[in-house]
Amino acid sequence: MCTPMKTAYFDCFSGISGDMVLGALVDAGVPIDAIQQVVDSLGLTNCRLETREVRKNGFRATQVVVHTPHEHHHRHLHHIVEMIERSSLSDTVKEQAVKVFTRLGEAEARVHGVPLEKVHFHEVGAADSIVDIVGSVFGLSYLGIEAVYASAIPTGGGTVRIAHGEVSVPAPATAELLRGVPLLPCDVQMEMTTPTGAALITTFAREFGPLPAMEIQCIGYGAGSRDIPHRPNVLRLFVGELACAKATSPSVLRDRIWVVQTNYDDLSAEVLGYTLEKLWELGVLDLFTTPIQMKKNRPGVQLTVLCNEELVPAVESLLFRETTTLGVRFWPVERHVLPRQVASVQTRWGEIRGKVRVLPDGVQEFSPEFEACREIARRHQVPLREVYEAAEEAFRHQGAQQMADEHSCKGG
């Protein structure tokens, strides 16, 4: 029996900031009064939260406005951690909130070349930014979110003025936080993703990409503080349950890989074979060719490569260099993977290595390695099929003996 996984997906088509996250969570059902109580427990008793329903290029959204007196001092990380620790938040939410601020501090430390404890939180240390971050962490917990996913992130362009002067977008700390995150091209000349937004989403998001297969229960819209020509400045939040969490066993692993694909009608078999060898040397997960019919009734070949995201540029470069292709297609896909491990069994001819896969019901199946079986078949002059059958039978016997030993231990 599976357990539904409460999931949040942030559609960041107009960027992401702390106030946009908070507004989207409130719009999705987090009571503003509950957030106000959290803010009061932080010691920010002069902060008052207000919600407004606004229109952004025709779209309704919730905007959370933090009313707070102007502050003349800046905070270090330990000041903010102390505020969080004495608040009414649960231990888990406290830990998550501290993690967000620590990520921010580490990014600032790298940018300025100073130890973490010496980092001054300027804009991020202001009361409204603290409210945005802590309130957002609390909101995710209030909604019972167990998994967070997000789209690619647009940063915007132009320049932005920070405490250290005018800098290019993305701001230095934002850029540090977005290391390894897919960015979305955008020609809007303004800061669309702020350090608070980047810190929140990179702390919680498991993956960045398209909307995962999920049953949507509600959608929240959080408004940004500025208006963008020809684009609604809102953050869209989908809240629901992952479909795969219901359809698969908890033992089934879930990850994302990339498909790289191209077609040929003018490539020799020798060059294609060489290209496949080079692709395997790169470390791709799998590859295959498919006969296809191309334009002008030409028979052709479709080459499909499966690989991890970091290999996509190398695969593309190899295909352009070694083949006649004029273009390649690539896109991310999600897959479910059975747990597997390397194992070996003893047969009358010697040891045979292979892999054990674990099915969702817990049953284990053994697949002998072809090379190992072939070597034994050749050496002992026995049919290859007989070697496979002996290895599989040895594994079944080994598994039965292991269960008997475990039962004996429990009984003793």
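This is a short tour of selected helices, strands and surface spots, in an order you can follow in your viewer.

Before you start, note that this is a predicted model, in which local features need pLDDT of at least 70, side-chain atom pairs count only at pLDDT 80 or more, and totals for chains, interfaces and linings use all residues. Residues are numbered from 1 along each chain as its sequence is written, and side-chain values use heavy atoms, with hydrogens and water left out.

**Stop 1: helix H10**

Select residues 312-322, which make up helix H10. Helices (H or I, at least four residues) and strands (E, at least two) are DSSP runs, numbered from the N terminus. Color Val312, Val315, Leu318 and Leu319: these are the buried residues of H10. Here buried means under 20% relative accessible area, exposed over 50%, and partly exposed in between (1.4 Å probe, protein chains only). Now look down the helix axis: the buried residues of H10 fall within an arc of 130 degrees, so they line one face of the helix. That arc is taken from the directions from the helix axis to the C-beta atoms. An α-helix has 3.6 residues a turn, so residues three or four places apart point the same way. Turn to the other side of H10 to find Pro313 and Arg321, both exposed.

What covers the buried residues of H10? Show strand S10 (253-264), helix H9 (269-282), strand S12 (298-307) and strand S13 (329-337), which are among the elements that do so. Contact here means heavy atoms within 4.5 Å.

**Stop 2: helix H3**

Next, select residues 77-85 for helix H3, where Leu77, Ile80, Met83 and Ile84 are the buried residues. Viewed down the axis of H3, they fall within an arc of 125 degrees, so they too line one face of their helix. Add helix H4 (91-112) and helix H5 (127-142) to see what the buried residues of H3 pack against.

**Stop 3: strand S9 and its partners**

Select residues 234-242, strand S9, where 8 of the 9 residues are buried. Strand S1 (residues 6-11) pairs with S9 in the antiparallel sense over 6 bridges; two strands pair if DSSP finds at least two bridges between them. To find one of these bridges, pick aspartate 11 and its partner in S9, arginine 236.

Strand S8 also runs antiparallel to S9, joined to it by 9 bridges. Here, glycine 222 stands opposite leucine 235 of S9.

Stay with S8 (residues 214-223) and pick isoleucine 219. Is this residue buried or partly exposed? At 34% relative accessibility, isoleucine 219 counts as partly exposed. Show it with Leu211 and Ile216: the three form a nonpolar patch on the surface, with about 230 Å² of accessible area together. Accessible areas come from the Shrake-Rupley method with a 1.4 Å probe, and for residues only the protein chains shown count as cover.

**Stop 4: strands S14, S15 and S16**

Select residues 340-347 (S14) and 350-358 (S15), which pair in the antiparallel sense over 8 bridges. They form a hairpin with 2 residues between them, and serine 344 stands opposite arginine 353 in S15.

Then add residues 364-368, strand S16, which pairs with S15 in the antiparallel sense over 5 bridges. Valine 358 has glutamine 364 of S16 as its bridge partner. The hairpin of S15 and S16 has 5 residues between the strands, and glycine 362 takes a positive phi near 95 degrees in it.

Conventions:
Patches are made of residues with over 30% relative accessible area and no salt bridge: like charges are joined within 9 Å, nonpolar side chains (Val, Leu, Ile, Met, Phe, Trp, Tyr) within 5 Å. A salt bridge is a side-chain nitrogen of Lys or Arg within 4 Å of a carboxyl oxygen of Asp or Glu.
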